[in-house]
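User: I am new to reading protein models and would like to learn how strands, sheets, pockets and cavities are described. Could you take me through one example step by step?

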Amino acid sequence: MTGMTTGALREVTVGTGAGLDTADMVLNIGPQHPSTHGVLRLKLVVDGERVVSCEPVVGYMHRGAEKLFEVRDYRQIMVLANRHDWLSAFSSELGVALAVERLMGIEVPERAVWLRTALAELNRVLNHLMFLGSYPLEIGALTPMFYAFRERETLQAVLEEVSGGRMHYMFNRVGGLKEEVPAGWTQRARAAIGQVRGRLPDLDNLIRRNEIFLARTVGVGVLTAAQAAAYGASGPVARASGLDFDLRRDDPYLAYGSLTVPVVTRDTGDCHARFEVLLDQVYVSLDLAERCLDEVDRITGPVNVRLPKVVKAPEGHTYAWTENPLGVNGYYLVSRGEKTPWRLKLRTASYANVQALSALLPGCLIPDLVAILGSMFFVVGDVDK
């Protein structure tokens, strides 16, 4: 195919075949594409079926959450905080609550601390199960989605009972939790955990050693430890590359300092390693949640502190970070002594993880692009905020 330009005459030949010169093609994957987990655009330069370079283009879902925080009081910002990563809603609102409590010097009741920890781990399992089902689906395996969602629904019922929400729980408050859990809830939560733990091998045995899945993921999309660190990757993506870092163990918050937190790592850094870290983390989180529920049954007392009608954080600034399901989330809060934050800056795990695509994708084939993209475990709302 030959194209001619006016003015300075130039001829460009695109194609393959004997005696023909070839030129690279610029190809857009997204912003609306099933494999991009939402409105993410990948601007690719491809040579035939092989990717030469990749430029992630973000911002299509930008809703200005950080600016909206500045015109809402400390109670209202919770409803915005749990929406940027809709698969980790409880953990996201928790990080904001921790930052405000730290700046105000609030000590949260012990029962609330253990409940928060249990719910954070259950939310982690829900997040991971979504990716454990959807990732194989993206590369052609339909059945794992049904197994993953069976377990998700079992745990969703538990969180829906306690909070009233299926995705946006709105259960954290500055100073603790919204309210006490329903009578007998811990027993029902423990039973749900037991059911999921007992049935999880169905998903595990189906996909972990499946020869087709192995062929599509082993040795594909290798992210080295140095690259993961350079791009600021964290969570399961970084731990699959050998970065042994987890805030629950290394800088404990909530009740994690009283728990033994096994950190799941791999050292190959490929798509399969990232999937395995996510899968094995589910087993760990189920155990941690059950341990927290035992403490909740032992401890009595309130689940929040009494606050004034208008909550005002004192003038100053603080930084809180949490080990969210997809990685490290940071919350930088600046107050001028008013009822609204002067600045609340989010450092989200998905944003850092997506940056690494520019290093991972060059040299891969287009079919492998989808496998690599899905294995980076990001939510586009968490990228754009």
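Analyst: We will go through strands and sheets, and then turn to pockets and cavities. Please keep in mind that this is a predicted model.

User: How do I read a sheet, and in which order do the strands of the open sheet with β3 come?

Analyst: The general idea is that two strands count as paired if at least two bridges are found between them. In this structure three strands form an open sheet in the order β3-β6-β7, and their pairing is antiparallel. The edge strands are β3 (25–29) and β7 (50–57), each of which pairs on one side only. When direction is ignored, neighbouring strands of this sheet are turned by 25° against each other on average.

User: Over how many bridges do β3 and β6 pair, and which residue of β6 does Ile29 stand opposite?

Analyst: Strand β6, which covers residues 41–47, pairs with β3 in the antiparallel sense over five bridges. As for the residue you name, Ile29 stands opposite Leu42 in β6.

User: Which helix lies across β3, β6 and β7?

Analyst: That is helix α14, made of residues 366–375, which lies across the three strands β3, β6 and β7 and runs at about 150° to β6.

User: Is a strand such as β11 largely enclosed or open, and why?

Analyst: A residue is called buried when its relative accessible area is under 20%, and one can then go through a strand residue by residue. In strand β11 (residues 327–335), eight of the nine residues are buried, so this strand is largely enclosed by the rest of the structure.

User: With which strands does β11 pair?

Analyst: Strand β10, residues 316–324, pairs with β11 in the antiparallel sense over nine bridges, and a hairpin of two residues joins β10 to β11. Within this pairing, Glu323 stands opposite Val328 in β11. Strand β11 also pairs with β12 (residues 343–347), again in the antiparallel sense, over five bridges, and here the bridge partner of Val334 is Arg343 in β12.

User: What should I look at in a pocket, and what volume does the largest pocket have?

Analyst: One can look at the volume, then at the lining residues, and then at their character. The largest pocket has a volume of about 180 Å³, and its lining includes Leu98, Glu101, Arg102, Pro252, Tyr253 and Leu254. The elements that give two or more residues to this lining are α3 (89–104) and α4, and the largest share, three residues, comes from α3. By character, the lining of the largest pocket divides into seven nonpolar, no polar and three charged residues.

User: How do the lining residues of the second largest pocket divide?

Analyst: The second largest pocket, with a volume of about 150 Å³, has a lining of five nonpolar, one polar and three charged residues. Among the residues that line this pocket are Tyr74, Arg75, Arg173, Lys178 and Asn304.

User: How does a cavity differ, and how many cavities of 30 Å³ or more are counted here?

Analyst: A pocket is open, whereas a cavity is a space where a probe fits but cannot get out. The count here comes to one cavity of 30 Å³ or more, and about 70 Å³ of space lies in the largest cavity. The elements that give two or more residues to the lining of the largest cavity are α4 (110–138) and α5 (143–163). Trp86, Asn123, Arg152, Gln156 and Tyr169 are among the lining residues of this cavity, and the lining as a whole divides into six nonpolar, three polar and two charged residues.

Conventions
Residues numbered from 1 in each chain as written. Predicted model: local features only at pLDDT ≥ 70, side-chain atom pairs only at ≥ 80, totals over all residues. Heavy atoms only, no water. 1 Å grid on protein atoms, 1.4 Å probe; cavity = no way out; pocket = protein on both sides within 12 Å on 5 of 7 lines; lining within 4 Å. Points joined across faces, edges and corners; volume = space filled by probe spheres on them. Helix = DSSP H or I, 4+ residues; strand = E, 2+ residues; numbered from the N terminus. Nonpolar A, V, L, I, M, F, W, Y, C, P; charged D, E, K, R; others polar. Axes fitted to C-alpha atoms, helices over the stretch in contact; angles between N-to-C directions. Contact = heavy atoms within 4.5 Å. Buried < 20%, exposed > 50% of the residue type's maximum accessible area, 1.4 Å probe, protein only.
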